[in-house]
Amino acid sequence: MGIASNIHPLWYFTVFRDPPVHGYKNGGMLLYHSDFRTTLSFNNMNLNILTDKRILLGITGGIAAYKSAELVRRLREQGAQVRVVMTSAATEFITPLTLQVVSGQRVHTELLDSEAEAAMGHIELARWAEVILIAPATADFLAKLAYGHANDLLSTICLATVAPIIVAPAMNRQMWQAKSTQANYMRLQNWGIHCLGPAAGLQACGETGVGRMLEPMELVNGLINLFKPGPLAGVKVLITAGPTREDIDPVRFISNRSSGKMGYAVAVAAQAAGAAVTLVSGPVSLTAPVGVPVISVYNAQDMFEAVMAQVDEMDIFIAAAAVADYRPVQLATHKLKKQESQLQLMLERTPDILAAVAALPQPPFTVGFAAETNNLLDYARDKLQRKKLDMIATNQVGITGLGFDSDENALSVCWVDGSVELPRNSKLSLAYQLIEIITQRYQRRAKF
Ligand SMILES: Cc1cc2nc3c(=O)[nH]c(=O)nc-3n(C[C@H](O)[C@H](O)[C@H](O)COP(=O)(O)O)c2cc1C
């Protein structure tokens, strides 16, 4: 089993004990909003990962360019040096003057401009950058990058640099789904160009779907993660997420309301902590974090097999999927016809993935999830002991706006000799808090 060896000894001390600048107090423990967590921890110890990093921010012509000014401010708050290069289309969405003011530096827009070239030319900018972040990255610019165009300043710099390039795509969901965009995106990823986002949600065009640029602070955290060895660096984490589907006949199945959001959020947080994450996912409409391999499965048996094939390699197993407990004994080969007033289905148990993992001779650090409508802690403790888990996170379902298919949740987390309540928050914030607790307990167990 791997042990995170490069964790800074004060990391948790800082997270849990520092004054709550952006945090709030709950039962004696300070909880931080995930957006601020890394910043606070490292700022307070003068260990800011982005301090003095030379970041070249490329802005292309998408509506999300309006967020670029805030992004520059956030990067500078982290101590980064930021220089901005804009495409001609980008200048239609936000003025170079705004970016000049927030960056405190001249903004570069022209390739064929002898004056600009004399001041700081494209090759110098390419050499200056320690990292190039393109946010927003239009469909057009992804295509340029994917085919090595160099017909404007930003694309020329991208060709001329040895610095890592990170793109934050932002576009209408249809543009994002277009085969050409997806092919370009795959091409870039295969070349090692990092991608942050896009996220799903309401778009400027009024449609809902995948294509939104990540929020400035999420981009900042993404950059930090690229530079920092997290507390779970070197640790392999297997996470299950989403529902399973148990077929009744070729068109019907038994499933549940799990959206996979909690499991995917845990994957984001574990990856942000430096872990090598693998997701085993039931059918969901979510995009996995960049760099996280996803094994897509359909039913509980598939999920069981996928997990058991991977788990020997893993240090931590987090079972966030809502696996069906029962499946039809028989799968009808043809669509069941309407019958009398009642139809009886005979169901049988599906394999218990969590119990099977925890019962291995050398199990990984095993974390279960439970969804209960009442007596949360009692059921959680029972499941913890019965299945010999290291930890269990229980959420209360049946409350509007919490749990299944919502963006928020509240968790009761318990282990053999302790527990903590994580009050209502976004699933991503809860995932960050949960990963912090898991990391602590995992490292404690690894010591003994
Ligand atoms: C109002 C408006 C909004 C746009 N928003 C986006 C966008 O969010 N993402 C995108 O890929 N293209 C968007 N476009 C299209 C780009 O601006 C266009 O492809 C342009 O050529 C991009 O140039 P660049 O990649 O050199 O910056 C938008 C165009 C208009 C008119």
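This is a walk through a predicted model, one selection at a time.

**Stop 1: the whole chain**

Start with everything on screen. You're looking at 448 residues, and 46% of them are buried. Colour by secondary structure and you should be able to pick out 16 helices and 21 strands. Among the contacts with a separation of 6 or more, 68% are between residues 24 or more positions apart.

**Stop 2: the cores**

Now select Val 237, Ile 239, Val 266, Ala 267, Ala 270 and Leu 434. These have the most contacts inside the largest nonpolar core, which has 68 residues. Keep Ala 267 highlighted and look around it. Which residues is Ala 267 in contact with, leaving aside its neighbours within four places in sequence? They are Ile 239, Ala 241, Val 277, Leu 279, Ala 288, Pro 289 and Val 292. There is also a second, separate core of 52 residues, and you can find it by selecting Ala 80, Ile 134, Ile 157 and Met 213, which are among its members.

**Stop 3: helix H3 and its two partners**

Select residues 68-77, which make up helix H3, and then add residues 96-103, helix H4. The two axes come within 9 Å and cross at roughly 15°. An angle under 35 degrees counts as roughly parallel, so that is the label for H3 and H4. The crossing is right-handed. Show the side chains and you'll see Ser 68, Ala 69, Val 72 and Arg 73 of H3 meeting Thr 98, Leu 99, Val 102 and Ser 103 of H4. That contact has 4 nonpolar, 3 polar and 1 charged residues.

Keep H3, hide H4 and bring in residues 216-227, helix H11. Here the axes are 9 Å apart and the angle is about 45°. H3 and H11 are therefore oblique to each other. This crossing is right-handed. From H3 come Glu 70, Leu 71, Arg 74 and Leu 75, and they meet Pro 216, Met 217, Leu 219 and Val 220 from H11. By class, this contact has 6 nonpolar residues, no polar ones and 2 charged.

**Stop 4: helix H8 and its cover**

Next, select residues 153-160, helix H8. Which residues of H8 are buried? Leu 153, Leu 154, Ser 155, Ile 157 and Cys 158 are. You met Ile 157 earlier, as a member of the second core. To see what covers these buried residues, switch on pieces including strands E3 (54-59), E4 (81-86), E5 (131-137) and E6 (165-169), plus helices H6 (122-128) and H7 (139-146).

Now click Thr 156, also in H8. Is Thr 156 buried or partly exposed? With 19 C-beta neighbours inside 10 Å, Thr 156 counts as partly exposed, because being buried takes 20 or more. Beyond residues up to four places away in sequence, Thr 156 touches Leu 111, His 122 and Ala 150. Try the distance tool from Thr 156 to Ile 123: they're 33 residues apart in sequence, but 8.6 Å apart in space, C-alpha to C-alpha.

Then hop to Ala 139 in helix H7. Ala 139 is buried, with 21 other C-beta atoms within 10 Å. Not counting residues up to four places away in sequence, Ala 139 touches Met 171, Met 175 and Thr 181. Gly 62 is 77 residues away along the chain, yet its C-alpha is separated from that of Ala 139 by 9.0 Å.

**Stop 5: a buried loop residue**

Go to Ala 321, in the loop between strands E15 (316-319) and E16 (326-328). With 28 C-beta neighbours inside 10 Å, Ala 321 counts as buried. Its contacts beyond four places in sequence include Thr 240, Gly 263, Gly 282 and Met 303. Ala 241 is on that list too, and you saw Ala 241 in contact with Ala 267 at Stop 2.

**Stop 6: backbone oddities**

Last, zoom in on the backbone. The peptide bond from Ala 135 to Pro 136 is cis, with omega near 0°, and Pro 136 is in strand E5. Another cis bond runs from Gly 197 to Pro 198, with omega near 5°. Pro 198 is in the loop between E7 (194-195) and E8 (199-202).

Finish with two residues that aren't glycine but have a positive phi. For Asp 52, phi is about 65°, and Asp 52 counts as exposed, with 10 C-beta neighbours inside 10 Å. For Lys 388, phi is about 55°, and Lys 388 is in the loop between H15 (376-386) and E19 (391-396).

Methods
Residues are numbered from 1 along each chain as its sequence is written. This is a predicted model: local features need pLDDT of at least 70, side-chain atom pairs count only at pLDDT 80 or more; totals for chains, interfaces and linings use all residues. A nonpolar core is a set of buried Ala, Val, Leu, Ile, Met, Phe, Trp, Tyr and Cys residues joined through C-beta atoms within 7 Å. A residue is buried if 20 or more other C-beta atoms lie within 10 Å of its own, exposed if 12 or fewer, and partly exposed in between; C-beta atoms are placed from the backbone. Two residues are in contact if their C-beta atoms, placed from the backbone, lie within 7 Å. Axes are lines fitted to C-alpha atoms, for helices over the stretch in contact, and angles run from 0 to 180 degrees between N-to-C directions. Helices (H or I, at least four residues) and strands (E, at least two) are DSSP runs, numbered from the N terminus. Angles under 35 degrees count as roughly parallel, over 145 as roughly antiparallel, 65 to 115 as roughly perpendicular and the rest as oblique. A crossing is left-handed if the near helix is turned anticlockwise from the far one by less than a right angle, and right-handed if clockwise. Ala, Val, Leu, Ile, Met, Phe, Trp, Tyr, Cys and Pro count as nonpolar, Asp, Glu, Lys and Arg as charged, and the others, Gly among them, as polar.
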